[in-house]
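Colleague: Before the charged contacts are discussed, may I ask to see the coordinates?

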Amino acid sequence: MADAIPSMEPAPPPLLSLAEVEALARRAHSGQTDKAGRPYAEHLAAVAAGVRERGGSDEQIAAAWLHDAVEDGALSREWLAGAALGETTKAMIVAVTRRADEPVEEYTARILATPGALLVKESDLAHNADPERLAALDAPTRERLTAKYARVRELLGLPQR
């Protein structure tokens, strides 16, 4: 029996753990605040917790932590492409990253076409539309965002809140 020839390719680096993804997301969004002036990491933590509570996988929880990182410019698409994340996680992050001037119908179709992404977006919408969060906003902003979130929920086939 012939001896096995060892692979000449280096082993890929291990994937980031959820704790490492959380720390990375917190660093990437450090100093950022949401529309109500709260630390942005609170939103990321709430979305990740929502995914976990809805039975999401570790890949979905990782995507939840990083769901706004590329869209907000905290991390680049190039960084994401080379990141020590599973391809499923990367695909979900790309799916929920809204592109400039992208029609909402295209955005939601991409989410629906990407396995696992709908749960991440559902959790994101749930936190964004939380009445306590919305109450901190001025009335015109609150009304605009409420209508926006309702439209996205409708296109995704999610029940209205």
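The exchange below concerns salt bridges and burial.

Modeller: This is a predicted model, in which local features need pLDDT of at least 70, side-chain atom pairs count only at pLDDT 80 or more, and totals for chains, interfaces and linings use all residues. Residues are numbered from 1 along each chain as its sequence is written, and side-chain values use heavy atoms, with hydrogens and water left out.

Colleague: Why is the contact of Arg-133 with Asp-34 called a salt bridge?

Modeller: The term requires a side-chain nitrogen of Lys or Arg within 4 Å of a carboxyl oxygen of Asp or Glu. The closest N and O atoms of Arg-133 and Asp-34 are 2.8 Å apart, so the pair satisfies that definition.

Colleague: What does the pair of Arg-133 and Asp-34 tie together?

Modeller: Arg-133 belongs to helix 8 (residues 131-135) and Asp-34 to the loop between helix 1 (18-28) and helix 2 (40-53), so parts 99 residues apart in sequence are tied together. Helices here are DSSP runs (H or I, at least four residues), numbered from the N terminus.

Colleague: Why is Asp-124 called buried?

Modeller: Buried means under 20% relative accessible area (1.4 Å probe, protein chains only). Asp-124 has a value of 4%, and is therefore buried. Lys-121, at 9%, is likewise buried.

Colleague: Where do Asp-124 and Lys-121 lie?

Modeller: Both are in helix 7 (residues 117-128), 3 residues apart, about one turn of the helix. Their side chains form a salt bridge at 2.9 Å, N to O.

Colleague: How many salt bridges does the structure hold?

Modeller: There are 8, including Glu-102 with Arg-110 at 2.4 Å between the closest N and O atoms.

Notes. Helix = DSSP H or I, 4+ residues; strand = E, 2+ residues; numbered from the N terminus. Buried < 20%, exposed > 50% of the residue type's maximum accessible area, 1.4 Å probe, protein only.
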